[in-house]
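Here are my notes on the model you sent round. Have the structure open while you read, and check the side chains as you go.

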Amino acid sequence: MKKYILLLLVFAAFSCTETKKKSNTDGDSAFEKVSEDYIKEYLDWRPQTGVMLGIHKYDGKLADYSKASIDSELARLKKYDKILSEMDSSSLSYKKYYDWKMLRSSIKNEIFTIEDLNVYAKNPIF
């Protein structure tokens, strides 16, 4: 009888572990999709950064710093900030959780740069 109880406990522990791994994988894949979309759109608005990273599809392109373009970028940043804030971070694996934190921090920094520092209106380079 003890063998059956032990076997049942081992099976229960294994199935709980598998469920946790599956949910982490689901959360990780959702985060990866969001982060890949964000990075693509980030580089589309900042093609010089793409060139510095060695992505040749951005060669010869320049950023548009018009008021409408900056407002559009700010709206996009806020959209991704909302998506990431609504994401269940507890469903992410250890590595993806820290990627999630860094991406959220980066987005908040970009929003701060545009809204509060107003660099695109104050800095003559732009």
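The points below go from the overall fold to the core, the rings, a few polar contacts and the largest pocket.

1. **Overall fold.** First, a reminder that this is a predicted model. The protein chain has five helices and zero strands, so the element order from the N terminus is simply α-α-α-α-α. Of the 126 residues in the protein chain, 30% are buried.

2. **The core.** Which residues have the most contacts inside the largest nonpolar core? They are Phe31, Tyr38, Leu84 and Ile107, in a core of 20 residues. Helices α1, α3 and α4 are the elements that give two or more residues to this core. The largest share comes from α1, with six residues. As background, nonpolar side chains in soluble globular proteins tend to be buried together.

3. **Tyr38 and its ring partner.** Searching the whole structure turns up eight aromatic pairs. One of them joins Tyr38 and Tyr42, with 5.8 Å from centre to centre and 40° between the planes, which makes the pair tilted. Both residues sit in helix α1 (residues 2-45), four residues apart, or about one turn of the helix. Is Tyr38 buried or exposed? Tyr38 has a relative accessible area of 3%, so it is buried. Recall that Tyr38 is also among the residues with the most contacts inside the largest nonpolar core.

4. **Trp45 and Tyr65.** I'd look at this pair next. The ring centres of Trp45 and Tyr65 are 5.8 Å apart and the planes meet at 85°, so this one is edge-to-face. Why does the pair tie together parts that are 20 residues apart in sequence? Because Trp45 belongs to helix α1, whereas Tyr65 is in the loop between α2 (47-52) and α3. The two partners also differ in burial class: Trp45 counts as buried at 10% relative accessibility, while Tyr65 counts as partly exposed at 30%.

5. **A polar contact to Trp45.** Don't stop at the ring of Trp45. The side chains of Trp45 and Ser69 are joined by a polar contact of 2.6 Å. Ser69 is in helix α3, and with a relative accessible area of 12% it is buried. Trp45 is buried as well, at 10%, so both ends of this contact fall under the 20% cut-off.

6. **The ring cluster.** Which residues do ring pairs link into a cluster? Tyr94, Tyr97, Tyr98 and Trp100. Tyr94 is placed in helix α4 and is exposed, with a relative accessible area of 65%. There is a long-range neighbour to check too: the C-alpha atoms of Tyr94 and Asn24 are 9.1 Å apart in space, although the residues are 70 apart in sequence.

7. **The α3-α4 loop.** Ser91 is found in the loop between α3 and α4. A polar atom of the Ser91 side chain lies 2.7 Å from the backbone oxygen of Asp88. At 18% relative accessibility, Ser91 counts as buried; the cut-off is under 20%, so that label applies here.

8. **The largest pocket.** The space in the largest pocket comes to about 150 Å³. Its lining is made up of Lys67, Ile70, Asp71, Leu74, Ile114, Glu115, Asn118, Val119, Tyr120 and Ala121. By class, that is six nonpolar, one polar and three charged residues. Which element gives the most to this lining? Helix α3 does, with four residues. At least two residues each come from α3 (67-86), α4 (94-115) and α5 (119-122).

9. **Asn118.** This lining residue deserves a look at its backbone. Asn118 is not a glycine, yet its phi is positive, at about 55°. For context, most residues other than glycine have a negative phi. Asn118 is located in the loop between α4 and α5 and is partly exposed, with a relative accessible area of 33%. Asn118 also belongs to the lining of the largest pocket, so please view this point together with the previous one.

Conventions. Residues numbered from 1 in each chain as written. Predicted model: local features only at pLDDT ≥ 70, side-chain atom pairs only at ≥ 80, totals over all residues. Heavy atoms only, no water. 1 Å grid on protein atoms, 1.4 Å probe; cavity = no way out; pocket = protein on both sides within 12 Å on 5 of 7 lines; lining within 4 Å. Points joined across faces, edges and corners; volume = space filled by probe spheres on them. Nonpolar A, V, L, I, M, F, W, Y, C, P; charged D, E, K, R; others polar. Buried < 20%, exposed > 50% of the residue type's maximum accessible area, 1.4 Å probe, protein only. Polar contact = N/O pair within 3.5 Å; in protein donor to acceptor, adjacent residues only side chain to side chain. Phe/Tyr/Trp six-rings, centres within 6.5 Å; stacked < 30°, edge-to-face > 60°. Core = buried A, V, L, I, M, F, W, Y, C linked by side-chain atoms within 4.5 Å.
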